[in-house]
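Colleague: I would like a close look at one part of this model, with the cut-offs stated.

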Amino acid sequence: MNHTSALFFAGTLLTTLAPAAQAQQAPSPYRTRFAVDFPITAALGVGAGTGLYLIQQKHGLSEAELAALDKNDIPKFDRWVAGKYSDNAQLASDLLCYPTLLIAPGLLALNDNVRGRYGQVLGLYVQTLALSDAAFTLSAGNVYRYRPFVYGPEGPANKRGSKIATNSFFAGHTGHTAAATFFAAKVFHDFNPDSPAQPYVWTAAALVPAAVAYNRMQAGKHFLSDNIVGYSVGALSGILVPQLHKAKGGSMSMVPVQGVNVNGFSYSGFRLSKQL
């Protein structure tokens, strides 16, 4: 299966295998509360915005720094990606990633059980993307890891020394795609626990971000380890957010916390808890 057909496969599963319409609206497996979920989503949005600001404050590479780069300094696990560059692979990763962010939740609306609760599902999806995006931008904003293409001669000169070249960790395209597909699979599973389509839906959810990861490496944008982390973060976000809202799992709460750590530095944030 090629990479474009993987996306097509994901796009047809929920439509062709959706259950027949039911006379009554299916009960939602989730419990959401605006007073709780909106502050959580907003806080994650602030985190994503903070990470984006940090990315903008990063500095690029000087000519001397570029000349000093040596692929032998890269762990063997990732070294084979160093020096790769492909405009076609970058385009393929974009065409797989960005449409999936709309297609994956859009397909859920075609499922009869989900459609009656679609507003609630969209709210959970926004929270999922906010979580994935906050993790990505805060990581990229704080970690300097050079993209694979700077270790070879083929990358564009105007990008080799730019701050964008320092954002290899971790793979945002892969993470966001995994968040979308695994969220769709998880929601489909929770609304249709007895559906025979389950194996196909989960297989599609796994294949699409894997195809994105492959193309991001071929494009020289990320190393294998960057993609593994991105894939893991995205998949965890897509599964965790719906799971934390399962109606049978008890209530969820978020409270502010602050204090001083063992090194004498103050901290503040939010504590998210859920009754199991």
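Colleague: Which element gives the most to the lining of the largest pocket?

Modeller: Helix H5 does, with 4 residues. This is a predicted model, in which local features need pLDDT of at least 70, side-chain atom pairs count only at 80 or more, and totals for linings use all residues. Numbering runs from 1 along each chain, and side-chain values use heavy atoms, without hydrogens or water.

The largest pocket (an open set on a 1 Å grid where a 1.4 Å probe fits, with protein on both sides within 12 Å along at least five of seven lines) has a volume of about 350 Å³, taken as the space filled by probe spheres on the grid points. Its lining comprises 18 residues (an atom within 4 Å of a point). Nearest the centre are Tyr-98, Phe-136, Arg-147, His-173 and Arg-216. Two or more lining residues come from each of helices H2 (34-56), H5 (87-108) and H9; helices are DSSP runs, H or I, of at least four residues. By class, the lining has 6 nonpolar, 7 polar and 5 charged residues; Asp, Glu, Lys and Arg count as charged, Ala, Val, Leu, Ile, Met, Phe, Trp, Tyr, Cys and Pro as nonpolar, and the others as polar.

Phe-136, one of the residues nearest the pocket centre, is also part of an aromatic cluster with Phe-169 and Phe-170, where rings pair if their centres lie within 6.5 Å. Both Phe-136 and Phe-170 are buried, that is, under 20% relative accessible area with a 1.4 Å probe.

How values were computed. Buried means under 20% relative accessible area, exposed over 50%, partly exposed in between (1.4 Å probe, protein chains only). Rings of Phe, Tyr and Trp (its six-membered ring) pair if their centres lie within 6.5 Å; planes under 30 degrees apart count as stacked, over 60 as edge-to-face and the rest as tilted.
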